[in-house]
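Colleague: I have a model open and would like your help with a close look at one part of it. Could you start from the whole chain and then walk me in?

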Amino acid sequence: MVSAKRSRSKSIQPSLLLAAANRVIVRQGVDALTLDAVAVEAGVSKGGLLHHFPNKEALIAGMVQQALDKFVEALHQELAKDPAPNTPGHWVRAYIRASALDDQENYELHFNLLAANFTNPELLKPMRDFWQECHTQIISSGLDAEVATVIRLAMDGLWLTHLHNFAPLQDPLRSQVIETALKLAQP
């Protein structure tokens, strides 16, 4: 009996547990994020959840890391797809395109930032460190540092307005803003 429970706990995918935690936050808010609620949402026992995430902070840290990993993957894909990889602004253009992905899952994953900030702001340290690296890459991209920074802040704002539904831009204006940012990022 014990070995069956262990094998079931080990077969639970952490990514599915993180997705369940995100759904709890999106539907019910950060205050509703409990280990019990996540276990119910994921359809697993609380013990199965605790096998991968021994406490709420570990769960939220996993959510933050998952969101960061997803953005880093998108950024690397955009870096690889850039038609002018060895020109000034290459990194900025990739950041624009990765930030502009209109993927609802991408936005929903970032609700975990709210959970982290309310639970323990130190859980956001990997994000802070990554965005500091991004800023360093952006200002050293070969473009004027002020222009590159304005582009970064515009893209961060575009993302945040969509995330929080603060008068998010709709197409065609949204696409035009992204195109303008890409033009500004040309050498």
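Before we zoom in, what percentage of the 187 residues of the chain count as buried? After that, please take me through the salt bridges and what surrounds them, above all the one that Arg93 forms with Asp82.

Modeller: Happy to! Of the chain's 187 residues, 41% count as buried. Please keep in mind that this is a predicted model. Its mean pLDDT is 86, with 89% of the residues at 70 or more. The stretch to treat apart is residues 1-9, where pLDDT stays under 50 and the model has 4 contacts beyond four places in sequence.

As for the overall build, the chain has 11 helices and 0 strands. If we take contacts between residues at least 6 apart in sequence, 67% of them join residues at least 24 apart. The accessible surface is about 10,100 Å², and carbon and sulfur atoms account for 57% of that.

Now to your pair. In general, side chains of opposite charge can pair when their charged atoms come close. In the chain, the count of salt bridges comes to 9. Between Arg93 and Asp82, the closest N and O atoms are 3.1 Å apart. This pair links distant parts of the chain, with Arg93 in helix α6 and Asp82 in the loop between α5 and α6, 11 residues apart. Are the two partners buried or exposed? Arg93 is buried, because its relative accessible area is 3%, and Asp82 is buried as well, since its value is 5%; the cut-off for buried is under 20%. The pair also belongs to a network of salt bridges that links Glu78, Lys81, Asp82, Arg93 and Arg97.

The loop that holds Asp82 also holds Gly89, between α5 (56-81) and α6 (90-99). Gly89 has 0% relative accessibility, so it counts as buried. Leaving aside residues up to four places away in sequence, Gly89 touches Ser141, Leu143 and Ala185. With Ser141, the C-alpha atoms are 5.2 Å apart in space, although 52 residues separate the two in sequence.

Two other salt bridges make a nice contrast, beginning with the one in helix α10. There the side chains of Asp156 and Arg152 meet at 3.0 Å, N to O. The two are separated by about one helical turn, because they are 4 residues apart in α10. Both Asp156 and Arg152 are buried; for Arg152 the relative accessibility is 17%. Beyond four places in sequence, Arg152 touches Tyr95, Trp131, His135 and Ile138.

Two of those contacts, His135 and Ile138, lead us to helix α9, where they are buried together with Met127, Phe130 and Cys134. These five lie on the same side of α9, because they cover an arc of only 145° around the axis. The helix runs over residues 125-139 and reaches 21 Å from its first C-alpha to its last, close to the 21 Å expected.

Helix α9 has a salt bridge too, between the side chains of Asp129 and Lys125, at 2.8 Å from N to O. Here again the partners are 4 residues apart in one helix, about one turn. In this case, though, Asp129 is partly exposed, because its relative accessible area is 34%, and Lys125 is partly exposed at 42%. So that gives you a buried pair in α10 to set beside a partly exposed pair in α9.

Definitions and conventions
Residues numbered from 1 in each chain as written. Predicted model: local features only at pLDDT ≥ 70, side-chain atom pairs only at ≥ 80, totals over all residues. Heavy atoms only, no water. Buried < 20%, exposed > 50% of the residue type's maximum accessible area, 1.4 Å probe, protein only. Contact = heavy atoms within 4.5 Å. Areas by Shrake-Rupley, 256 points an atom, 1.4 Å probe, with all protein chains shown as cover. Expected span 1.5 Å × (residues − 1). Arc of directions from axis to C-beta. pLDDT = per-residue confidence, 0-100. Salt bridge = Lys/Arg side-chain N within 4 Å of Asp/Glu carboxyl O.
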